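Colleague: I'm new to this one, so could you take me through a single part of it slowly? I'd like a close look at how the protein meets the DNA, and a word on whatever else helps me find my way around.

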Number of protein chains: 2
Amino acid sequence: MKTTAAARQFPCEKCPLQDFSHFQRHEKDEVSFLSSFKMGELVADTGTTVLVEGANSAHLFTVLSGWGFRYKTLDDGRRQILNYVLPGDLIGLQGSVMKKMQHSIEALSPMILCMFQRDNLANLFRNFPALGYDITWLASREEQMLDEILLSVGRRTALERAAYLFAFIFQRAQSVGMVKSGKLTVPVTQQHVADTLGLSIVHTNKTLKKLASRGALRWLDRGCEVLDEQILMDISGWQGLPATPRPYI
Amino acid sequence: MKTTAAARQFPCEKCPLQDFSHFQRHEKDEVSFLSSFKMGELVADTGTTVLVEGANSAHLFTVLSGWGFRYKTLDDGRRQILNYVLPGDLIGLQGSVMKKMQHSIEALSPMILCMFQRDNLANLFRNFPALGYDITWLASREEQMLDEILLSVGRRTALERAAYLFAFIFQRAQSVGMVKSGKLTVPVTQQHVADTLGLSIVHTNKTLKKLASRGALRWLDRGCEVLDEQILMDISGWQGLPATPRPYI
DNA sequence: CGGGTTGTTGACGAATTTCAATCCGGGTGG
DNA sequence: CCACCCGGATTGAAATTCGTCAACAACCCG
């Protein structure tokens with residue numbers, strides 16, 4: 001349960017994200033600006049709360065590696081997972097733009113985050129409008145993902161919902177090279193899945209069992225192995241993510 | 001079911017939105033830029049689809065007056081209303097930033113929209129970074145609203161959910177001067193409410209009846225009259241919206 | 001060897017959907 | 001003016017989904 005600010009292991013010039021064709025390239029001068037915008041790196045262990053709802057000290061982060069999730073809770077403890085966080089995702093923008101964070105983020109695996117000083121955000125918009133546009137792009141993409149998730153939670157059946165969730169995660173993970181030989185292990189518990197789908201843990205267990213019996217996935221010690229994306233897409237009726245390259249900061 | 005592009009009735013210098021203290025002021029040069037960015041006004045009747053999922057011709061709009069809603073549907077027709085659209089809201093950003101619109105928007109009342117040319121968006125970011133930042137702010141605010149709605153649909157009971165919905169709409173409407181003498185009429189059918197809450201129409205009817213019996217609201221011919229915001233907040237356990245002024249374009 | 005976390009299962013009851021009628025007001029054609 | 005139609009609101013009853021409770025198994029960790 002510790003987070004540590006480490007020395008800079010990944011200079012922007014060698015940002016590990018640039019290895020994926022999924023991401024758009026930066027111009028030379030953008031890279032050098034980002035390098036100065038970057039304060040350092042944050043290494044977070046599994047279970048660490050990277051950003052807390054209500055805090056206003058938040059920085060801005062880009063995920064370099066690892067899994068996390070974004071969530072909100074009600075006063076009596078009921079929790080809703082809003083979305084998952086994967087490499088390339090920008091987090092903490094709400095804290096930079098509003099006064100306080102309105103949600104929390106927790107690590108599902110060891111994570112490495114690139115940390116930015118939010119004070120300099122206005123600076124970024126002033127001197128690198130294309131990067132400002134990229135941030136808007138990313139915010140818009142997050143909104144689009146939320147739209148789909150809300151559609152799913154509001155209108156799909158439990159089985160469709162679960163199938164959609166793993167198909168969605170699979171595609172996102174695939175685009176950042178986390179899928180090896182057609183398979184992917186998602187480091188979540190069934191409680192996480194339940195809190196994502198808006199279901200109880202018991203019902204989630206029974207629903208996952210159905211997906212497993214159809215060969216779509218397999219439950220492991222610690223996490224879920226996605227075996228057959230196509231079955232998941234068939235069950236959920238989901239069309240899949242557009243394949244356009246996307247920016248990152 | 002018609003939309004018409006009318007002559008310019010509201011020059012930016014006299015934008016009706018600036019009458020509300022809820023909105024941040026623009027600088028002089030920003031106003032004149034926005035005036036050139038603006039293409040015209042769109043008047044949409046009740047029931048008109050202002051933006052359609054899948055279309056890529058979308059412009060960017062700011063709502064000047066009226067009510068609308070944003071929604072997505074599944075192939076078999078199940079519909080989820082994602083959020084409501086009120087004066088000051090920016091819509092169509094996804095269409096500008098991604099290739100295609102991923103959701104539709106329909107008018108719940110006659111609407112007047114301020115229409116922008118999306119080609120010029122890069123221009124805006126280049127020449128008026130503060131406005132670019134404002135757009136990011138608005139995108140972030142939309143995300144924040146979606147987070148709360150998703151929390152509600154995923155984790156609140158039917159009664160809490162309905163109470164939250166109307167408390168939320170009430171506060172948003174209040175900040176743009178739509179609440180007269182403590183009361184507000186929301187121009188929706190129970191089908192709209194059902195599609196917002198992720199419930200069937202029958203159950204929605206029974207849930208609304210409960211709220212009505214507690215004096216929180218009253219159902220009219222064509223819409224819902226919110227009578228007591230406090231009861232709604234008590235039932236839902238919702239804390240309310242932060243009161244910070246916000247930008248608009 | 002406990003103790004804690006996570007996954008599994010069956011039984012029961014509560015929440016919610018579906019089906020099927022009915023009602024009501026407004027608009028339309030005769 | 002009246003019969004009819006239509007969208008929206010209501011209601012009761014049966015069927016399904018889903019949540020809660022409770023118990024237990026498997027596993028990891030100190």
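Modeller: Sorted by class, the residues of the surface near DNA strand D come out as 5 nonpolar, 6 polar and 2 charged. Keep in mind that this is a predicted model. In total, 13 residues surround strand D, and the closest are Ser200(A), His203(A), Gln190(B), Asn205(B) and Trp219(B). What do they find on the DNA side? Of the strand D atoms that come within 4 Å of the protein, 71% belong to sugar and phosphate.

Let's pick out a few of the contacts on strand D. Ser200(A) uses its backbone: one of its backbone N or O atoms sits 3.0 Å from a phosphate oxygen of DNA strand D. Gln190(B) works through its side chain, where a polar atom is 2.7 Å from a phosphate oxygen of the strand. Asn205(B) also brings a polar side-chain atom to a phosphate oxygen of strand D, here at 3.0 Å.

Which helices should you look for around this strand? H7 of chain A and H7 of chain B each supply at least two residues of the surface near DNA strand D. H7(B) gives the largest share, with 4 residues.

Now turn to the other strand, C. Around DNA strand C there are 13 residues, of which Gln190(A), Asn205(A), Trp219(A), Ser200(B) and His203(B) come nearest. Sugar and phosphate make up 74% of the strand C atoms that lie within 4 Å of the protein. By class, the surface near strand C has 5 nonpolar, 6 polar and 2 charged residues.

Three side chains are worth zooming in on here. Asn205(A) has a side-chain N or O atom 3.0 Å from a phosphate oxygen of DNA strand C. For Trp219(A), the distance from a side-chain N or O atom to a phosphate oxygen of strand C is 2.9 Å. From chain B, His203(B) places a polar side-chain atom 3.1 Å from a phosphate oxygen of this strand. As for the elements that give two or more residues to the surface near strand C, they are helix H7 (201-213) of chain A and helix H7 (201-213) of chain B. The largest share near strand C is the 4 residues from H7(A).

To get your bearings in the protein itself, try a pair of helices in chain A. Helix H4 (residues 129-155) and helix H5 (residues 158-175) of chain A pack at an angle of about 160°, and their axes are 9 Å apart. With that angle, H4(A) is therefore roughly antiparallel to H5(A). The two pass each other in a right-handed crossing. On the H4(A) side you'll meet Arg141(A), Met145(A), Glu148(A), Ile149(A), Ser152(A) and Val153(A), and across from them Arg161(A), Tyr164(A), Phe168(A) and Arg172(A) of H5(A). That contact divides into 5 nonpolar, 1 polar and 4 charged residues.

Chain B has a pair to look at too. Its helix H4 (residues 129-155) packs against helix H5 (residues 158-175) at about 160°, with axes 9 Å apart. So H4(B) runs roughly antiparallel to H5(B). Their crossing is right-handed, and among the residues that make the contact are Met145(B) and Ile149(B) of H4(B) and Tyr164(B) and Phe168(B) of H5(B). By class, this contact has 5 nonpolar, 1 polar and 4 charged residues.

Key
Residues are numbered from 1 along each chain as its sequence is written. Chains are lettered from A and ligands numbered from 1 in the order in which they are written. This is a predicted model: local features need pLDDT of at least 70, side-chain atom pairs count only at pLDDT 80 or more; totals for chains, interfaces and linings use all residues. Side-chain values use heavy atoms; hydrogens and water are left out. Axes are lines fitted to C-alpha atoms, for helices over the stretch in contact, and angles run from 0 to 180 degrees between N-to-C directions. Angles under 35 degrees count as roughly parallel, over 145 as roughly antiparallel, 65 to 115 as roughly perpendicular and the rest as oblique. A crossing is left-handed if the near helix is turned anticlockwise from the far one by less than a right angle, and right-handed if clockwise. Contact means heavy atoms within 4.5 Å. Ala, Val, Leu, Ile, Met, Phe, Trp, Tyr, Cys and Pro count as nonpolar, Asp, Glu, Lys and Arg as charged, and the others, Gly among them, as polar. A residue is near a molecule or strand if one of its heavy atoms lies within 4 Å of it. A polar contact is a pair of N or O atoms within 3.5 Å; within protein, one must be able to donate a hydrogen and the other to accept it, and residues adjacent in sequence count only if both atoms are side-chain atoms.
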